[in-house]
Amino acid sequence: MSDKAQILSEASTFILLALAEPLHGYGILKKVEQMSAGRVRLGPGTLYGALNKMVKKGWISPLPAQNGARRKLYKLTARGHAQLQSEIARLTALVGYGEAALAAWKNARKVI
Amino acid sequence: MSMPQTKVINMSLTLTNEVELMERLEALSRKGWHPVGYKKPKPLKLWQPYGFIFEKGEPEARVYRADFRRGPKADIEEYISLCKDAGWKNIYSQGGFFIFYAPADQAARADFFSDTSSKIAKLRRQRRYILILNAIFIPIMFYIMLLLQGVFSSPDVNPYPAMFTAFILYTFYTFIGFSLRIKALQTPRPETHQGKVRKTGAKRLTAELNSIAVLTLILAPISAHFQLSDWHWSWEWQFYQGLAMLIWYGYFRISIAWRAKSQNLH
């Protein structure tokens with residue numbers, strides 16, 4: 001599959017990060033809000049769309065429903081985990097380039 | 001205990017009136033009229049009121065949002081319960097359309113769609129639905145048109161091709177409308193609301209009259225071509241077609257105004 005080099009949206013990244021343990025939809029909303037200290041508040045329309053998309057791509061999968069439970073639990077798959085790792089690696093590299101560039105810029109200004 | 005005051009207001013969610021409808025529902029809630037249900041239209045009794053059933057209550061600042069998605073019943077139930085958990089109550093779910101509402105302060109913290117890409121995804125779902133619907137509907141309409149040839153028409157006057165053309169043009173306009181809204185969301189400007197540029201008053205009237213002029217210019221030659229075998233282009237034809245369209249437009253606007261007035265809303 002060609003999902004190796006995909007750049008994730010902020011919402012998708014946070015959803016994958018929240019799924020360190022299986023959670024249902026509302027659990028994901030709360031966890032994302034908590035992880036980002038209240039900065040990222042996902043709307044239910046956005047969350048449901050993202051969940052659908054990631055289930056189709058095979059990054060997450062719904063757990064078999066327990067008897068009587070209306071809310072589906074979602075868990076991260078191996079493929080989702082790999083996707084998350086490559087995204088974090090991409091962001092780490094980006095931060096590295098950014099810091100190096102800013103440091104060089106700062107030094108250059110000092111020289112001037 | 002007295003029964004709560006209720007009324008049915010003619011309005012339904014279509015592919016093109018969504019933003020306006022949400023604003024109208026918000027305005028009604030600010031006046032204390034809250035939707036509590038939906039009365040379906042009866043095809044054989046169209047004069048009976050259909051639409052949202054409103055109940056008089058305390059004025060509230062609410063935000064209404066529409067979504068569009070189709071899927072298995074279990075998935076839709078899960079979706080509605082997820083929205084309910086997140087504080088968005090469902091008041092309408094029919095034919096793939098959903099309307100949710102939340103108190104305005106909650107919606108300001110987290111809107112129903114919290115990023116642009118999910119708003120665009122929704123418009124794309126609607127646009128694809130138009131395509132699928134018409135891929136089925138247009139051949140059926142064409143077949144019905146062939147069946148009706150000669151029933152309400154003669155070799156000299158045949159309205160069906162023009163009607164068919166008008167329908168296809170309308171579909172095309174709707175489709176282009178969604179594409180424009182997607183484009184507007186991809187390049188956000190402050191005056192757009194959910195990707196829709198709002199026009200009011202004289203500006204809106206001018207825009208509507210302009211689209212009538214364009215439609216007349218396109219439709220008149222086509223319909224004339226199908227109606228008269230020895231037809232040639234003339235200003236007279238354009239004039240009568242334009243006049244017919246203006247009368248139709250006037251009827252449409254007046255009936256909307258009359259209905260709004262009879263419901264004592266605007």
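Q: In this predicted model, how many residues of chain B are in contact with chain A?
A: Let's start where the two chains meet. On the chain A side, 16 residues take part. Their partners in chain B number 19.

Q: Which element of chain B gives the most residues to the side that touches chain A?
A: Two elements of chain B give two or more residues to that side: helix 2 and helix 4 (116-148). The top contributor gives 6 residues. That contributor is helix 2 of chain B.

Q: By class, how many residues on the side of chain B that touches chain A are nonpolar?
A: Go through the classes one at a time. There are 4 polar and 6 charged residues on that side. The nonpolar residues there number 9.

Q: What does helix 2 of chain B lie across, and at what angle does it run to strand 5?
A: Helix 2 of chain B covers residues 73-85. It lies across strand 5 and strand 6 of chain B. Its angle to strand 5 of chain B is about 155°.

Q: Which strands stand at the edges of the open sheet with the order 4-6-5 in chain B?
A: This sheet has 3 strands with antiparallel pairing, and the order is 4-6-5. A strand with a single partner strand has one side left without a neighbour in the sheet, so it stands at the edge. In chain B that goes for strand 4 (62-68) and strand 5 (89-94).

Q: By how much are neighbouring strands of the 4-6-5 sheet turned against each other on average?
A: Stay with the sheet of order 4-6-5 in chain B. Direction is ignored for this angle. The average turn between neighbouring strands is 20°.

Q: How do strand 5 and strand 6 of chain B run, and how many bridges join them?
A: Strand 6 of chain B spans residues 97-103. It forms a hairpin with strand 5 of chain B, with 2 residues between them. As one example of facing residues, B:Lys89 stands opposite B:Tyr101 in strand 6. The two strands run antiparallel, and the bridges joining them number 5.

Q: Which residue in the turn between strand 5 and strand 6 of chain B has a positive phi?
A: Look at the turn of the hairpin made by these two strands of chain B. The phi there is about 55°. The residue is B:Gly95.

Q: What is the average twist in the other open sheet of chain B, the one with the order 1-3-2?
A: That sheet also has antiparallel pairing, among 3 strands. Strand 1 (6-9) and strand 2 (33-39) of chain B stand at its edges, each with a single partner strand. From one strand to the next, the twist averages 30°.

Q: Which residue in strand 3 of chain B stands opposite B:Thr6?
A: Strand 1 of chain B pairs with strand 3 (residues 51-56) in the antiparallel sense, over 4 bridges. Across from B:Thr6 in strand 3 of chain B is B:Glu55.

Q: Is B:Ile130 buried, partly exposed or exposed?
A: First, place it: B:Ile130 is in helix 4 of chain B. It has 17 other C-beta atoms within 10 Å. Being buried takes 20 or more, and being exposed takes 12 or fewer, so the count falls in between. That makes B:Ile130 partly exposed.

Q: How far apart in space are B:Ile130 and B:Leu15, C-alpha to C-alpha?
A: In sequence, the two are 115 residues apart. Even so, B:Leu15 is among the contacts of B:Ile130, along with B:Thr171, B:Thr174 and B:Phe175. Their C-alpha distance is 8.5 Å.

Q: Are helix 1 and helix 3 of chain A roughly parallel or roughly perpendicular to each other?
A: The axes of helix 1 (residues 10-18) and helix 3 of chain A come within 10 Å and cross at roughly 75°. Angles from 65 to 115 degrees count as roughly perpendicular. Therefore helix 1 and helix 3 of chain A are roughly perpendicular.

Q: Which residues of helix 3 of chain A meet helix 1 of chain A?
A: Helix 1 of chain A brings A:Ala11, A:Ser12 and A:Ile15. The residues in this contact divide into 4 nonpolar, 2 polar and no charged. From helix 3 of chain A come A:Thr46, A:Ala50 and A:Met54.

Q: Is A:Ala37 buried or exposed?
A: A:Ala37 is in the loop between helix 2 (25-35) and helix 3 (44-57) of chain A. Its phi is positive, about 50°, although it is not a glycine. With 7 C-beta neighbours inside 10 Å, A:Ala37 counts as exposed.

Key. Residues numbered from 1 in each chain as written. Chains lettered and ligands numbered in written order. Predicted model: local features only at pLDDT ≥ 70, side-chain atom pairs only at ≥ 80, totals over all residues. Pairing = 2+ DSSP bridges. Axes fitted to C-alpha atoms, helices over the stretch in contact; angles between N-to-C directions. Contact = placed C-beta atoms within 7 Å. Nonpolar A, V, L, I, M, F, W, Y, C, P; charged D, E, K, R; others polar. Parallel < 35°, antiparallel > 145°, perpendicular 65-115°, else oblique. Lists of a residue's contacts leave out its neighbours within four places in sequence.
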